[in-house]
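Where does this protein leave empty space, and what lies around its ligand? The report below takes the two topics in turn.

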Amino acid sequence: MEKLITLEEYIIHAQNKFPGATGDLSQLLRDISLAAKIISREVNKAGITNILGLEGSENVHGESVKKLDLFANEQWINALSRSNITCMVISEENEGIVRLSDKSGKYIVYVDPLDGSSNIDINASIGSIFSIYMRKDVSKPLSESVALQPGTEQVAAGYVLYGSSTVMAYTTGLGVQLFTLDPSIGEFILHEKKVRIPKEGNIYSTDEGSYLFWDEALKKYVKYCQELDPSTNRPYKARYIGCMAADLHRTLLQGGIFMYPDSSRYPNGKLRLMYECNPLAFIIEQAGGKATDGKKRIMEIEPTEIHECTPVYIGSEENMKKLESFFEG
Ligand code: P6P
């Protein structure tokens, strides 16, 4: 029987490859896995413990906040406060930066604590997404501007998917690793190393209900996906879960393309650059895929606000090339 490798063991093994490693990033990843385990436990019994349903308030974006959103946000902030490694957290649920350790924290963590929370009440997949940066200059007081770095500066990124099982994916720039939580022993177990996205897939993923708000090039591309041409595996299948982490995970494993475009309804797109698009772009690029805003690489966008939105097109190399040919006209 193949030896089980826990996340703990994998982190230590990976750290030993870096002689100068202090172990801080390893500890940070452990802290993140703790938040994931606690949230997974609550998500999988939410109906019993009555933390489903609206909490009554609204988040910084005017979206109704569900109890599990708040619980997840608290778990992330508590977990990241454990080791004095994180100086500040930027969360979808908090308007400004959350200061944790001004003196010693060398990492900045962006988090979407519960991505796709509208799926909570229907028991569909929800996730957490995280993105880690270095605090470049410890002499500079903590501020939003210190946190505003392009995605190319990410030290690590990943997501947790609370679905039929709880899966954690992360990368530190050396490929993408996938772990599955075994709740009976409370350990994330490695199940795939250096994941590669298929070069081409026959699944496209977007909210077609917004078709009328799209620009013409995108309408033409989606029509292309729907045409009958067995030689190019069309029509493609349409899949849309309404949780970016879940749609991205399927795209990573099965190939294809996920799109949340700019439109007359969302002129700058709806998804968040720093804690949805950049971390998932890092994952997809590390697996051999591509991620753009329709014009440029997502990870090269120079951010100006911590909660800014961007259009996002992300997936297999060939599917992205075909989309780009429609945008080039
Ligand atoms: P819509 C969830 O709220 C989210 O931020 C992403 O996870 C998801 O892909 C998207 O928004 C869903 O948006 O407009 O289709 O409900």
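What follows covers the ligand site and then the internal cavity of this predicted model.

**The ligand site**

The ligand occupies the second largest pocket. Twelve residues need naming here. Asp-115, Gly-116, Asp-207, Tyr-240, Gly-242 and Cys-243 are part of the surrounding shell, along with Met-244, Phe-258, Tyr-260, Lys-270, Leu-271 and Glu-276. Sorted by class, this shell holds six nonpolar, two polar and four charged residues.

Three polar contacts involve oxygen atoms of the ligand. The table gives the protein partner and the distance.

| Residue | Protein atom | Distance to a ligand oxygen |
|---|---|---|
| Asp-115 | N or O atom in the side chain | 2.6 Å |
| Met-244 | polar backbone atom | 2.7 Å |
| Tyr-260 | polar side-chain atom | 2.6 Å |

On its own, the ligand has 400 Å² of accessible area, and the protein covers 80% of that.

**The cavity**

How many cavities of 30 Å³ or more does the whole structure hold? The search finds one. The space in this largest cavity is about 60 Å³.

Its lining includes Thr-206, Asp-207, Ser-210 and Trp-214. Tyr-260, Pro-261, Ser-263 and Tyr-266 also line the cavity. By class, the lining has four nonpolar, three polar and one charged residues.

**Shared residues**

Two names appear in both places. Asp-207 and Tyr-260 line the largest cavity, and Asp-207 and Tyr-260 also belong to the shell around the ligand. Of this pair, Tyr-260 has a polar side-chain atom 2.6 Å from a ligand oxygen.

Key
Residues numbered from 1 in each chain as written. Predicted model: local features only at pLDDT ≥ 70, side-chain atom pairs only at ≥ 80, totals over all residues. Heavy atoms only, no water. 1 Å grid on protein atoms, 1.4 Å probe; cavity = no way out; pocket = protein on both sides within 12 Å on 5 of 7 lines; lining within 4 Å. Points joined across faces, edges and corners; volume = space filled by probe spheres on them. Nonpolar A, V, L, I, M, F, W, Y, C, P; charged D, E, K, R; others polar. Near = heavy atom within 4 Å. Polar contact = N/O pair within 3.5 Å; in protein donor to acceptor, adjacent residues only side chain to side chain. Areas by Shrake-Rupley, 256 points an atom, 1.4 Å probe, with all protein chains shown as cover. Sits in = over half its atoms within 2 Å of the grid points.
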